[in-house]
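I opened the model to look up a handful of residues and their surroundings. My notes follow in the order in which I took them.

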Amino acid sequence: MTENTARQLLKNGSIRLKHCYSRRKDKYFDTTVSMVLDPDGKVQFRMGKDNK
């Protein structure tokens with residue numbers, strides 16, 4: 001993760017990433033990474049694949 005990517009994630013709460021690689025599936029994909037608070041106030045990161 002670059003410094004700019006981290007800044008955008010902290011500022012907006014989510015960021016769209018392109019051309020991420022999955023070793024398990026040997027494929028590239030686009031995704032959105034989101035930061036959310038759980039009920040205890042801890043930060044969790046969620047990643048969801050975008051449709052191509």
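Entry 1, surface patch. The model is a predicted one. I started with the nonpolar patch on the surface, which is formed by Leu37, Val43 and Phe45. Together these residues have about 340 Å² of accessible area. I then looked up leucine 37 by itself and found it in strand E2. Its relative accessible area is 61%. I noted leucine 37 as exposed, because 61% is past the cut-off of over 50%.

Entry 2, salt bridge. How many salt bridges does the structure hold? I found one. The partners are arginine 7 and glutamate 3, whose side chains meet at 2.4 Å, N to O. I checked their spacing next: arginine 7 and glutamate 3 are four residues apart in helix H1, so about one helical turn separates them. Then I looked up exposure for each partner. Arginine 7 counts as exposed at 54% relative accessibility, and glutamate 3 is exposed with a relative accessible area of 56%.

Entry 3, threonine 5. I stayed in helix H1, which covers residues 3–12 and contains threonine 5. Is threonine 5 buried or exposed? Its relative accessible area is 17%, and I entered it as buried because the cut-off is under 20%. The side chain of threonine 5 makes a polar contact of 2.8 Å with the side chain of threonine 2. Leaving aside neighbours within four places in sequence, I listed Ile15 and Leu17 as contacts of threonine 5.

Entry 4, leucine 17. I followed that contact to leucine 17, which lies in strand E1. Which residues does leucine 17 touch, not counting those up to four places away in sequence? I wrote down Thr5, Asp30, Thr31 and Val33. Leucine 17 counts as partly exposed at 26% relative accessibility. I also took a C-alpha distance: leucine 17 and glycine 41 are 24 residues apart along the chain, and their C-alpha atoms are separated by 25 Å.

Entry 5, aromatic rings. I looked for aromatic pairs and found one in the structure. Tyrosine 21 and tyrosine 28 make up this pair, with 4.9 Å centre to centre and 50° between the planes. I recorded the pair as tilted, because an angle under 30 degrees would count as stacked and one over 60 as edge-to-face. Both rings belong to partly exposed residues: tyrosine 21 has a relative accessible area of 40%, and tyrosine 28 has 46%.

Entry 6, backbone angles. I looked up phi last. Most residues other than glycine have a negative phi. Where does histidine 19 lie? I found it in strand E1, residues 14–22. Histidine 19 is not a glycine, yet its phi is positive, at about 60°. It is exposed, with a relative accessible area of 55%. Aspartate 26 also went into the notebook, with a positive phi near 55° in a residue other than glycine. I placed aspartate 26 in the loop between E1 and strand E2, the latter being 27–37. Aspartate 26 has a relative accessible area of 56% and is exposed.

Key: Residues numbered from 1 in each chain as written. Predicted model: local features only at pLDDT ≥ 70, side-chain atom pairs only at ≥ 80, totals over all residues. Heavy atoms only, no water. Helix = DSSP H or I, 4+ residues; strand = E, 2+ residues; numbered from the N terminus. Buried < 20%, exposed > 50% of the residue type's maximum accessible area, 1.4 Å probe, protein only. Polar contact = N/O pair within 3.5 Å; in protein donor to acceptor, adjacent residues only side chain to side chain. Contact = heavy atoms within 4.5 Å. Phe/Tyr/Trp six-rings, centres within 6.5 Å; stacked < 30°, edge-to-face > 60°. Patch = residues over 30% accessible without salt bridge, like charges linked within 9 Å, V, L, I, M, F, W, Y side chains within 5 Å. Areas by Shrake-Rupley, 256 points an atom, 1.4 Å probe, with all protein chains shown as cover. Salt bridge = Lys/Arg side-chain N within 4 Å of Asp/Glu carboxyl O.
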